[in-house]
Amino acid sequence: MVDLNNISLTEIVKLVKLKKISSLELTNHYIKNIEKGKKLNCFITTCFDETIKNSKTFDAKKNYDSLLPGIPIAVKDLFCTKDVKTTAGSKILENFIPTYESTVTSNLWKEGAILLGKLNCDEFAMGSSNETSFFGNVINPIEKNLVPGGSSGGSSSALAASFTPATIGTDTGGSIRQPASFTGTVGLKPTYGLCSRWGIVAFASSLDQAGPMTKNVEDCALMLEAISSYDKKDSTSINKKKENYSKNLNKNIKGMKIGIPKEYRVDNMPKEIDQLWSKGIDILKKSGVKIIDISLPHTKYALPTYYIVAPAEASSNLARYDGVKFGYRSNKGKNLLEMYENTRGEGFGDEVKRRVLIGTYVLSSGYYDAYYLKAQKVRKLIKKDFDNSFRKVDAILTPSTPSSAFKIGEKTSDPISMYLNDIFTVPVNLAGLPAISLPAGQDSKGRPLGLQLISNSLDEQRMLNIAFAIESEISFKQNLNRWWE
Amino acid sequence: MSKEKFNYFIKTEKNNWEVIIGLEVHAQVISNSKLFSGSSTKFGGQPNTQVSLVDSAFPGMLPVINKYCIEQAIKTGLGLNAKINLLSIFDRKNYFYADLPAGYQISQYKNPIVGEGSVTLDMPYGTKVVGIERLHLEQDAGKSIHDLSPDNTYVDLNRSGVALMEIVSKPDLRSPEEVNSYVKKLRTIMRYLGTCDGNMQEGSLRADVNVSVRKKGEKKLGTRCEIKNVNSIRFMEMAIESEANRQVEILESGKKIDQETRLFDTKKNETRSMRSKEEAHDYRYFPDPDLLPLEIEQSFVDNLKKNLPELPDQKKDRFIKDFKLSSYEANVLVSDNNISQYFEDVIKNSDIKLAKNWIIVELFAVLNKKNLDIKNSPVSSNNLAKLINSISSGEISGKIAKQVFELMVNTGDDPSKIIKEKGLKQQSDPNELEKIVKIVLDKNTDKVQQFKSGKEKLYGFFVGEIMKASSGKANPKLVNDILKKELKK
């Protein structure tokens with residue numbers, strides 16, 4: 001019998017299609033893994049009874065004409081799932097059970113997948129370490145005192161620990177790519193508008209994007225194919241034909257041009273990351289790619305711009321959590337205003353409050369022009385930097401993060417150092433571009449490190465092909481001894 | 001009509017104060033579904049039965065613009081002779097309230113769909129052009145119901161998300177009378193266009209009224225106060241009158257006006273402070289990231305323009321030109337699309353001059369008395385045309401026609417049926433009439449003598465007696481002819 005923990009989603013799909021394994025056997029395997037791995041605190045909600053029922057239904061009436069036949073999959077708890085609690089990692093939605101299913105998860109179920117449970121995440125996806133979740137922090141399977149990254153930390157951890165063969169997260173400023181990098185997995189943030197935002201608890205609407213998190217690039221292509229779709233219920237969704245990313249995956253990248261932005265060589269970046277970056281460059285060169293030095297001059301403004309735009313939108317998006325219609329309501333307070341104050345005061349955690357305050361401030365009259373409006377202008381310049389570069393290159397290669405996974409509690413008292421974690425990932429969100437993080441090696445402590453490829457809008461196929469080529473040459477090996485079991 | 005002079009000032013011992021008024025009219029768009037969701041907009045449904053997940057702001061729900069509402073706004077803009085902005089932006093207006101589920105209202109702030117335009121009013125002192133500053137689309141909020149329980153407030157979200165047009169006038173209005181005329185004109189235009197039903201009882205048309213005063217002749221505008229959410233034209237007039245007087249009193253006592261938002265208390269007929277400028281909300285407007293900027297093709301606008309119905313001003317000009325109506329008559333008839341339609345139906349088959357008088361005088365009196373609108377008129381346009389033709393043909397006299405009309409109002413019957421059944425047909429046989437005339441004159445030989453000796457006033461007396469003798473049915477023209485002839489004998 002194959003070791004299901006060590007094979008890819010693509011291989012698992014093959015086994016199902018070859019009738020080597022049933023959906024129920026798969027489901028039982030993951031349920032066992034999840035139950036043995038409660039220590040990692042990856043799940044907020046499991047729905048095993050439903051999962052087993054659904055896998056039996058699949059097995060009784062097998063339909064192999066789908067991308068994910070009978071495959072159990074856990075998803076970030078930011079996706080609304082019909083009749084299954086959806087918390088966004090927040091007390092304020094602790095008991096919220098949607099009556100509707102997000103478009104992205106509907107797409108998964110349409111392709112034959114089955115919901116395993118809902119994965120922990122930073123509260124309203126605000127965080128880089130999964131330490132802001134009301135449901136407690138998540139532990140990185142790499143090492144018991146490490147954060148798994150965030151905000152999709154439950155997703156990255158569950159994936160690395162094989163609690164799910166693949167997963168989906170959301171990425172507003174790096175929330176897919178950074179945790180992927182911290183756990184030695186692949187994470188892709190698609191072009192803004194490629195995946196519908198309908199039914200995803202909103203953090204910052206102009207930046208949020210759902211994306212796949214997988215064990216390798218081929219799986220990533222498969223998952224992206226499954227979840228992306230035009231959705232007329234989302235006005236920012238792009239109306240385009242669905243692509244066959246997995247079928248068209250191709251390692252031949254000879255003749256392509258890859259840009260190396262000098263602005264990503266930041267101070268104090270560990271040498272190991274620099275070396276890894278060089279390793280990536282060497283691999284590309286050997287694959288017949290032309291390496292071109294480029295400049296993205298406004299990169300240094302990306303982080304402050306992001307921390308104006310994202311909180312501004314969040315402050316407005318989170319206004320609906322007021323205790324009136326659904327979710328947590330404080331029973332203290334003599335009038336409407338006090339009910340609001342107490343509900344939100346008790347229902348939101350510190351990081352959410354911090355960002356709501358920042359966002360409220362930057363939108364206030366008298367400050368709007370200096371902060372929000374200025375940030376929007378800078379955002380355009382950042383996009384222009386990328387546009388200029390993509391006239392010269394097919395993709396851009398950078399490290400995914402300025403450090404490997406850090407220790408739990410290490411940065412919780414210093415929000416700025418926490419925010420700095422997003423320095424390589426946020427420009428991509430601001431520009432609405434796709435990017436992928438793929439594991440490229442380990443540092444001296446054995447913690448995974450990722451490389452990031454950024455491509456032009458809707459150029460996911462080419463980006464996946466380049467990642468595929470690097471992956472096959474870089475020989476990354478995940479060393480997990482399943483210490484938590 | 002003789003032209004009066006504009007003369008609305010607040011007159012005190014010291015000064016004449018000019019009143020400056022600007023209106024923000026909120027007009028509910030006629031559309032089956034809401035501005036950003038598919039929920040029904042029907043009035044009067046059971047609470048919270050017309051609410052989608054979008055309207056109640058559930059997590060992850062996104063707004064999708066209703067194209068029909070955009071069309072309606074553009075049509076209204078065209079009706080206001082306004083500039084249509086091919087690029088407009090939806091913004092979020094952020095504030096907390098129980099009947100605002102998302103914590104923000106989607107509105108248009110810096111880039112409205114419709115820019116500057118104008119509305120022409122017919123005032124007794126001539127035409128007056130009122131500038132339109134802008135028209136923008138926004139969502140309505142739900143309704144908070146405070147009087148169902150002593151401890152709780154109930155929220156009905158049926159109205160939440162319904163499309164409104166906010167039509168902002170320039171501060172061009174100068175009297176309650178002008179405001180009355182302006183709101184009615186807006187309503188007429190929108191009813192012609194089918195973009196707002198203008199039903200103020202149901203709240204489909206309401207206004208925020210901005211009032212300031214300045215001494216006559218001064219150029220600078222005074223500090224204004226905004227009276228929120230006034231929902232009838234009468235209340236608008238009352239609120240303006242009372243607010244302007246309040247401001248004048250303050251200014252004449254040497255104090256200053258505080259810019260603030262006020263409410264009109266209809267029972268006490270006075271405005272009171274709702275919140276000062278310092279307490280004003282900071283709405284933190286910013287472009288809604290869930291919606292892309294709205295781009296409209298010029299051809300889309302052109303197409304709507306091409307299919308626009310005839311508007312009140314155009315119709316008025318046509319009525320004056322084609323039917324030789326006075327400006328006043330034309331105004332009255334075009335003030336309501338159904339009235340002008342009725343009028344045009346009547347004159348298709350009958351005399352214009354008689355028709356306009358019968359409609360404006362007789363029919364309106366009946367409708368007013370019975371509190372009916374023309375669509376529910378007991379007298380159909382067809383029947384009125386028949387009645388008018390009976391008058392023109394001499395079948396009945398104008399006087400008898402009034403009797404017939406009364407019966408038509410009460411029964412809804414065809415006039416020819418009434419004339420026949422009641423035997424009201426005019427007596428037009430000269431021989432018969434001659435007999436009656438002779439009988440009357442024979443009875444009054446003394447008066448005939450007096451007439452002949454110069455007391456010509458008696459002519460009317462003879463006519464009256466003849467009509468009486470014929471039970472009012474004698475053809476007046478023939479009676480005239482015969483009587484004159486007989487009296488000359």
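**Reading helix packing and a sheet in chain B**

Modeller: In chain B, helix α5 (residues 312–323) packs against helix α6 (residues 327–334) at an angle of about 135°, with the axes 9 Å apart. This is a predicted model, where local features need pLDDT of at least 70, side-chain atom pairs count only at pLDDT 80 or more, and totals for chains, interfaces and linings use all residues. Residues are numbered from 1 along each chain as its sequence is written, and chains are lettered from A in the order in which they are written.

Colleague: How should I read the angle between α5(B) and α6(B)?

Modeller: Two packed helices are described by the angle between their axes and the distance between the axes. Axes are lines fitted to C-alpha atoms, for helices over the stretch in contact, and angles run from 0 to 180 degrees between N-to-C directions. Here α5(B) is oblique to α6(B); under 35 degrees counts as roughly parallel, over 145 as roughly antiparallel, 65 to 115 as roughly perpendicular and the rest as oblique. Helices are DSSP runs (H or I, at least four residues), and strands are too (E, at least two).

Colleague: Which residues of α5(B) make the contact?

Modeller: P312(B), K315(B), K316(B), F319(B) and I320(B) do, meeting S327(B), A330(B), N331(B), L333(B) and V334(B) of α6(B); contact means C-beta atoms, placed from the backbone, within 7 Å.

Colleague: And the sheet: in what order do the three strands lie?

Modeller: Strands of a sheet pair through backbone hydrogen bonds, either parallel or antiparallel. In chain B the open sheet has the order β5-β4-β15, with antiparallel pairing (at least two DSSP bridges between two strands). Four bridges join β4 (residues 91–94) to β5(B), and N94(B) has Y104(B) as its bridge partner.

Note on methods:
Two residues are in contact if their C-beta atoms, placed from the backbone, lie within 7 Å.
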